[in-house]
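Visitor: Please take me through one part of this model in detail. I should like to know how its helices and strands are arranged.

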Amino acid sequence: MEASNILGAALVFLCAAVVAVPIAQRLGLGAVLGYLIAGIAIGPWGFGVIRDVQEILHFSELGVVFLMFLIGLELNPAKLWQLRRSIFGVGAGQVGLTAAVLFALLYLSDFAWQAAVVGGIGLAMSSTAMALQLMKDKGMKRNEGGQLGFSVLLFQDMAVIPALALIPLLAGVGGEAETDWAKIGMKIVAFGGMLIGGRYLLRPLLRFIVAAGVREIFTAAALLTVLGAALFMDALGFSMALGTFIAGVLLAESEYQHELEIAVEPFKGLLLGLFFISVGMALNLGVLYTNLLMVLAGVATLVFVKSAILYGLARLFGLRRSVRLQFAGVLSQGGEFAFVIFSAAAAQRVITPDQLSLLLVVVTMSMVTTPLLMQGIDRLLARRYNTPEEGHEEHHVEDDEPQVIVVGFGRFGQVIGRLLMANKARITVLERDISVVSLMRSYGYHVYYGDATELELLRAAGAERARTIVITCNEPEDTMAVVRLCQQHFPHLEILARARGRVEAHELLQAGVAHFSRETFSSALELGRKALTTLGMHPHQAYRAQHHFRRLDMRMLRELMPQRQGDVAQSSRIREARRELEEIFEREMHNESRRLDGWDEHE
């Protein structure tokens, strides 16, 4: 593709995304479905603006590659080992059972047995990109359903390798592959070399780059790590996504973990959007129109079979009923690796061109159904958990006019909620993690299921009548979304928010939120005060030291709020303010040392 064509295609992609995604969000369809609709509109069967779908689809797989690298950064080898039961138990069970059932159905529908084997395996795969994005949107990443879903996706990525190796055998050309032990041995050695090099060479290389003090070079090094691992594994015949996942795991315990996340995150978001658009472009509407009933039946069968098997495995694994539906729904679609497996099978003539077109349309349409299916599951769960219950349960909310709305009921939100309820405050709690909702309700808490970034949910929760909203979301972007929504539609609300650190605190200050709490700051100060008393400091003086440090640190936080992105003078201002804070603190504590009065008892 020429440079001018690339720029033109990029412009078309950006325009389609900017128009379609906000409209889809407004209609409640979700961003993923918005990208798919944008792809259909600009693809060969829409307005025909872009026709070279396969080349763009291959390039857009880099979105999955970057996503898997970021997931690997969050998992150290010890944590990965803890997931072995779910990866090789539930993951292997899902692929094996789904492939077996779909093989039987395809064989009964006049597919040759070789084509039915390939079709069953390919359709057993789920979309890593779509599933992980929906897990994030639905708050599943931290619950047991999200962790089990990730384990299944990881096994599917590993299963692609033997699936591709099986295709030449099914085509009847496996004799050479059986005797080519030298080539297989070279691949194993190269893979082992990548593991050793990643373990012992990447960190010194990053340390050398960081010492240069040029941030752009660090970003380049992060991209080199991701793309290098992906292309190396692709050359070995393995999954690119699996290669970058391994690279991420090898760097998970390094001191550069968070910097790598910051460097790679923007590229991941853009490329994932491109991936979903290209999947929409790949939808062959001609095949859909010609075989409409067959395609619809195939999509319904695929989604039903996968959902039923996943639900059964989730039940055997011990997931709560409230989580099983989300787990089964989020993995019910066909995946991007089906495109790879079916294309390779068509090249070896294991499946016919007509079968290839039909299977690809079924996979694409199943991906379109997943956001709609998850919305249906959301409504079902909301109706189950948000309908006023009758019977003997004692409600914590005394009437329908709450004084306080608490958004998020994890460990942080639970402490706030318990304190408010102990003081007879009328509260409404909103939580989008269904496992937390069901668990808290079993303990007697009245928690509502839903996403507080939706305006209608806040209205239904009584935001127009409440006095205060306390936002305790895990994700900073969710916190800011709720803040903006409240400022725009409920300006009377007093907003209190949780900040993970100084960066999030600065964002809240810039948004005009005066009341916030950094989640570890107060507890760290309290422990520091107790440490001072163990060193012999008078309890009153230790308390005053804690008080002065809190006040001065808050002052420094406000004064050092970045004026603009990438302010080069920020680091020097921080050093100067830190010296000033230490001088003021020392002077005030010197004055306090003369004013001891009666605080004689240690806690």
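**A helix pair and a parallel sheet**

Guide: Helices H17 and H18 cross in a right-handed manner (the near helix is turned clockwise from the far one by less than a right angle; anticlockwise would be left-handed). The model is predicted, so local features need pLDDT of at least 70 and side-chain atom pairs pLDDT 80 or more, while totals for chains, interfaces and linings use all residues. Residues are numbered from 1 along each chain as its sequence is written, and side-chain values use heavy atoms, without hydrogens or water.

H17 covers residues 292-317 and H18 residues 321-330 (DSSP runs numbered from the N terminus: helices H or I of at least four residues, strands E of at least two). Their axes come within 8 Å and cross at roughly 145° (lines fitted to C-alpha atoms, for helices over the stretch in contact; angles from 0 to 180 degrees between N-to-C directions). On the H17 side, the contact is made by Ser 307, Leu 310, Tyr 311, Ala 314 and Arg 315 (heavy atoms within 4.5 Å). H18 contributes Arg 321, Arg 324, Leu 325, Phe 327 and Ala 328 to this contact.

Further along the chain is a sheet. Six strands form an open sheet in the order E3-E2-E1-E4-E5-E6, with parallel pairing (at least two DSSP bridges between two strands). Its edges are E3 (447-449) and E6, each of which pairs on one side only. Neighbouring strands of the sheet are turned by 20° against each other on average, direction ignored.

One part of this sheet, from E4 to E6, can be followed residue by residue. E4 (residues 468-471) pairs with E5 (residues 494-499) in the parallel sense, over four bridges. Within this pairing, Thr 468 has Glu 494 of E5 as its bridge partner, and Ile 469 has Ile 495 of E5. Helix H24 (residues 476-489) joins with E4 and E5 in a right-handed β-α-β unit (with the strands pointing away from the viewer, the path from the first strand over the helix to the second runs clockwise).

The next pairing continues from E5. E5 and E6 (residues 515-518) run parallel and are joined by four bridges. Here Ala 497 has Phe 516 of E6 as its bridge partner. The chain passes from E5 through helix H25 (residues 502-510) to E6, and this β-α-β crossover is right-handed.
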